[in-house]
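Biologist: Please take a close look at one part of this model and walk me through it. Pick a single residue as your way in, then work outwards.

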Amino acid sequence: MSSKQIEFLVKLRDALSMAAEATNEYIDSLAPAVMKEKNLVSVVSETTFSILKFESQEGTKLGSYEVAYKANNIADKWIQALNILRSSNATIQNRYYGQSYQFSYWIYGEDKIYRQKLKGGTKP
C-alpha cells in the first residue's frame with residue numbers, strides 16, 4: 001500500500017470521526033432534559049478511551065485514578081478522545097461514561113485525560 005493510500009485512509013477516518021462527533025452533539029441537543037440529567041446519551045465505545053496509555057496515580061481526595069498524557073499517546077487517538085470529552089464538557093464533577101463503561105473520564109488542565117474505575121456501575 002502506498003503512502004498516498006495510507007494518507008487518504010487516515011484523512012477519511014478522521015473526517016468520519018469528526019462527522020460522528022458532530023452527529024452525537026446534534027443528537028444530544030435533541031435529547032430530552034431527563035436523558036441528559038441521567039447521562040444516558042453515550043454512543044461512543046469505551047474502546048476510544050481504553051486504547052490510550054494511562055498511568056496509575058493516587059490522590060488523597062480522589063483515591064486511585066489514572067492519567068493519560070498527550071506526549072505518551074498516538075496523536076490522532078488522543079485528539080479523538082479529547083474532542084469527545086470537550087464536546088461533552090467532561091469535568092471531574094460531570095464525568096463522561098456510558099452504560100457499559102468500566103471507567104468514567106474527564107479532562108482537567110492541558111494535555112491530560114483522567115479516568116477512574118466506576119464503583120458497581122454507578123454514577124461517580
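Modeller: In this predicted model, Val 10 sits in helix α1. Val 10 counts as partly exposed because its relative accessibility is 33%, between the limits of 20% and 50%. Val 10 also belongs to a nonpolar surface patch of about 700 Å². Its partners there are Met 1, Ile 6, Phe 8, Leu 9, Leu 12 and Leu 16.

Now the charged side chains. The count is 4 salt bridges. One of them joins Lys 11 to Glu 7, at 3.0 Å from N to O. These two are 4 residues apart in α1, so about one helical turn separates them. Lys 11 is exposed, at 53% relative accessible area. Glu 7 is partly exposed, at 36%.

Another bridge leaves the helix. Asp 76 pairs with Arg 13, and their closest N and O atoms are 2.1 Å apart. Arg 13 is in α1 and Asp 76 in helix α4, so the pair ties together parts that lie 63 residues apart in sequence. Both are partly exposed: Asp 76 at 26%, Arg 13 at 35%.

Set beside this a bridge from elsewhere in the chain. Arg 115 and Glu 66 form a salt bridge, with closest N and O atoms 2.3 Å apart. Arg 115 belongs to strand β4 and Glu 66 to strand β2 (residues 63–69), so this pair ties together parts 49 residues apart in sequence. Arg 115 counts as buried, at 12% relative accessibility. Glu 66 counts as buried too, at 18%. As for networks, Arg 13, Asp 14 and Asp 76 are joined into one by salt bridges that share partners.

That trio leads to a pocket. Arg 13, Asp 14 and Asp 76 are among the residues lining the second largest pocket. The others are Ser 17, Met 18, Glu 21, Lys 77, Ile 79, Gln 80 and Asn 83. Its volume is about 180 Å³. Helices α1 (3–30) and α4 (75–87) each supply at least two lining residues. By class, the lining has 5 charged, 3 polar and 2 nonpolar residues.

Finally, the setting. The chain has 4 helices and 4 strands, in the order α-α-α-β-β-α-β-β along the sequence. Of its 124 residues, 31% count as buried.

Terms used:
Residues numbered from 1 in each chain as written. Predicted model: local features only at pLDDT ≥ 70, side-chain atom pairs only at ≥ 80, totals over all residues. Heavy atoms only, no water. 1 Å grid on protein atoms, 1.4 Å probe; cavity = no way out; pocket = protein on both sides within 12 Å on 5 of 7 lines; lining within 4 Å. Points joined across faces, edges and corners; volume = space filled by probe spheres on them. Nonpolar A, V, L, I, M, F, W, Y, C, P; charged D, E, K, R; others polar. Patch = residues over 30% accessible without salt bridge, like charges linked within 9 Å, V, L, I, M, F, W, Y side chains within 5 Å. Areas by Shrake-Rupley, 256 points an atom, 1.4 Å probe, with all protein chains shown as cover. Buried < 20%, exposed > 50% of the residue type's maximum accessible area, 1.4 Å probe, protein only.
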